[in-house]
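Student: Could you help me see how the terms used for a structure are decided?
Tutor: Gladly, let's go through a few together.

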Amino acid sequence: MTSIVETPAEVGSGGPGGGAPGRHVKVAIIGTGFSGLGMAIKLRQQGSDDFLLFERADEVGGTWRDNTYPGCACDVMALLYSYSFAPRAEWKTTFAKRDEVLDYLRWCTDRYGIRPFIRFGHELLEARWDERTRRWHLRTDQGEYTAQVLVTGTGYLSDPAIPDIKGLSTFQGALFHSAGWDHDFDLNGKRVAVIGTGASAIQFVPAIQPKVGHLDLYQRTPPWVGPKPDKKVAPSHIWVRKHVPGYQRFRRNFNKNGREIVAFLMADPKRASQSIQGMAAKHLQKSVKDPGLRAKLTPDYAVGCKRLLFSNTWYPAIQSPNVDVVTTGIREVRPNGIVDVDGVERPVDAIILGTGFRATSRPIAERLHGRNGVRLADAWGDGMAGYRGTTIAGFPNLFMLLGPNTTLGHSSQTVMIEAQLAYVVDALRQMDKRGLASVEVRPQAQEQYNELVAQLQHGTVWNAGGCSSWYVDANGRNSSIWPTFTWRFRRLTKKFDLESYQVAVTTGDGVPAGRAG
C-alpha cells in the first residue's frame, strides 16, 4: 500500500543550512557513460529539457573514456553492446574496440542533442536530500544545484581498486593502474610487473608483451578463458545492416536471447561445468602444451564464479620466452623490485595494476546523504542493497542505474540499463501525473526483493562456485550479480510499481492535493 505525505510546494530554496540557491532542475544525472547518456536521451525523447548531466571529466564516455590501455576492447558483441534505440551498422568487428565504443557514445551524444545539457568539469562532491523542500541539494566543485530527482549513472567500473600491498608506495619506478595508463612511459625493453589477471590484464598483456624486455605476471587466481569469436565485419554485411529493414534488430535480439541460454547453464554448477567450463578447459588444453604451466593456469572453481573472460591472444602471450607467470604471491614491494612470498626478489622498471575496480564499495555512496542525513555508504554498512536495482529505502527520489544486483555474468549491461531507463521514465511520468513531490521505496518491499534475489542466486555458480570475486562484498554477500534471465528483470522494471513506494504529494499553497493510488 502506498503511503502518502503532503508537502507544500516551494519555489526556490537555498542549500542545506541556508546556503545560497543554485540552479534548479527537475532531474540531475551524474555521469556520461552508457547509463547517464541513456537517461538523458530518454528524457529528450519524452520531450523534457529540464535536466542536467554532471560529468567530472571533459568528455563523455565513462569507463570507455577513462580506460585507454593498449588492447582495450569489449567482450560483448557490438550489436548488443549498444542502445537498441540507437543502432549503428558500421561496427568494424564483431566485438568493438575501445575507440569505436567511445566514438559511438560521442555520436549518440550529438545525434540526440545531449551535449548542451552536460556540465563538464563538474565533479559531484556531495548530494543531500532536503526533507522540507523535497529536493536534492548538489554540491559540485563548480557550484551548487538543486534537483527534484537525482539519477546516478556512475556504474561500477569507474573507480580503480588499488591493492593493499606492503611497500607499494615506496616503489621508485613507474606505477599505474590499467584505468590510468601512463602513455608517456616507454615500455620498450623494460622489465615490467603486472599484478592481476582479470578482464583488463588479458587484453593489455598481449598488447605490451612484444615490446617489453621482460614481464612478470603476478597471478593470484587464474581466470577461466574461452576463445573469442571476433572477426572483421565484411562491407557486404554492413550494407545488409543498413538497407535490409529489421535485419540489424533481428541480429541484436538473436544474440540477446541466445545469451539467455548461458543464464540457464550458469544456474546450475553441474550444467555449467559440463558445457561452458568444458569449452574453456578445451581452449586451455589446446593453447597451453606445457603441463606445468597449464596446471598454474587451471582454475579450481566453477566457471562463472569469477567473470568468464574471452581471448585468443592471452595464452600465446604468457607463453612467450620473455614472460614468467608468478603464482607464489607478493610479500612486499621494494623501491626497485617485488619480493614474492618465497623471498625471491625480481627487479622491475614498472608495475602495472590490473586489479579491477571498487565494484561493491561504490565511491558515489560516500557522497549521497538521504533522509535524516544518513550517508548511503553507512546505510550499506552490511552490503549494497536496493529495490529492483534502482531505488533505495531512505533515499527518496534517488534512482541508481546499475545499482545493486544488476551486474550480468552472461549478457550485455546495456540490456539492464535500458530496463532501468524504462522504470525511471515511468516513475517520472507517474510523479507528474499524480503531482508527487517524492517517491521512496518501502523498506519491506526492498527487503522482500532482496530475499527474492537471494533465492534466485541460491545454487547458481555465482553463489556456490567456490571462489571469492569482485561480485562478492566484504560480508560475503553477492550484491553485484543479477543471477537469472534478463527478461525477468525487464518484466520487473517494465512499469513503475507505485504500490511499493511511500510518496509525498505537492499541495501548491498547502491545500491537500488528494491521494495517489
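Student: Which helix is Gln277 in?
Tutor: Gln277 sits in helix α8, which covers residues 276-287. Keep in mind that this is a predicted model.

Student: What makes Gln277 count as buried?
Tutor: Its relative accessible area is 16%, and buried means under 20%, so Gln277 is buried.

Student: Which residues is Gln277 in contact with, leaving aside neighbours within four places in sequence?
Tutor: Those are Trp224, Ala272, Tyr301, Ala302 and Val303.

Student: Now to a pair of helices. Why is α1 called roughly parallel to α3?
Tutor: Helix α1 (residues 34-45) and helix α3 (residues 98-111) pack at an angle of about 20°, their axes being 10 Å apart. Angles under 35 degrees count as roughly parallel, so the term fits α1 and α3.

Student: Which residues make that contact?
Tutor: From α1 they are Phe34, Leu37 and Ile41, and from α3 they are Val101, Tyr104, Leu105, Cys108 and Thr109. Seven of the contact residues are nonpolar, one is polar and none is charged.

Student: How do you know that α1 is mostly covered?
Tutor: Nine of the 12 residues of α1 are buried; among them are Phe34, Gly38 and Leu43.

Student: And how does the reach of α1 compare with the span expected at 1.5 Å a residue?
Tutor: From its first C-alpha to its last, α1 reaches 16 Å, close to the expected 16 Å.

Student: What follows α1?
Tutor: Gly47 does, with a positive phi near 90°.

Definitions and conventions: Residues are numbered from 1 along each chain as its sequence is written. This is a predicted model: local features need pLDDT of at least 70, side-chain atom pairs count only at pLDDT 80 or more; totals for chains, interfaces and linings use all residues. Side-chain values use heavy atoms; hydrogens and water are left out. Helices (H or I, at least four residues) and strands (E, at least two) are DSSP runs, numbered from the N terminus. Buried means under 20% relative accessible area, exposed over 50%, partly exposed in between (1.4 Å probe, protein chains only). Contact means heavy atoms within 4.5 Å. Axes are lines fitted to C-alpha atoms, for helices over the stretch in contact, and angles run from 0 to 180 degrees between N-to-C directions. Angles under 35 degrees count as roughly parallel, over 145 as roughly antiparallel, 65 to 115 as roughly perpendicular and the rest as oblique. Ala, Val, Leu, Ile, Met, Phe, Trp, Tyr, Cys and Pro count as nonpolar, Asp, Glu, Lys and Arg as charged, and the others, Gly among them, as polar. The expected span of a helix is 1.5 Å times one less than its number of residues.
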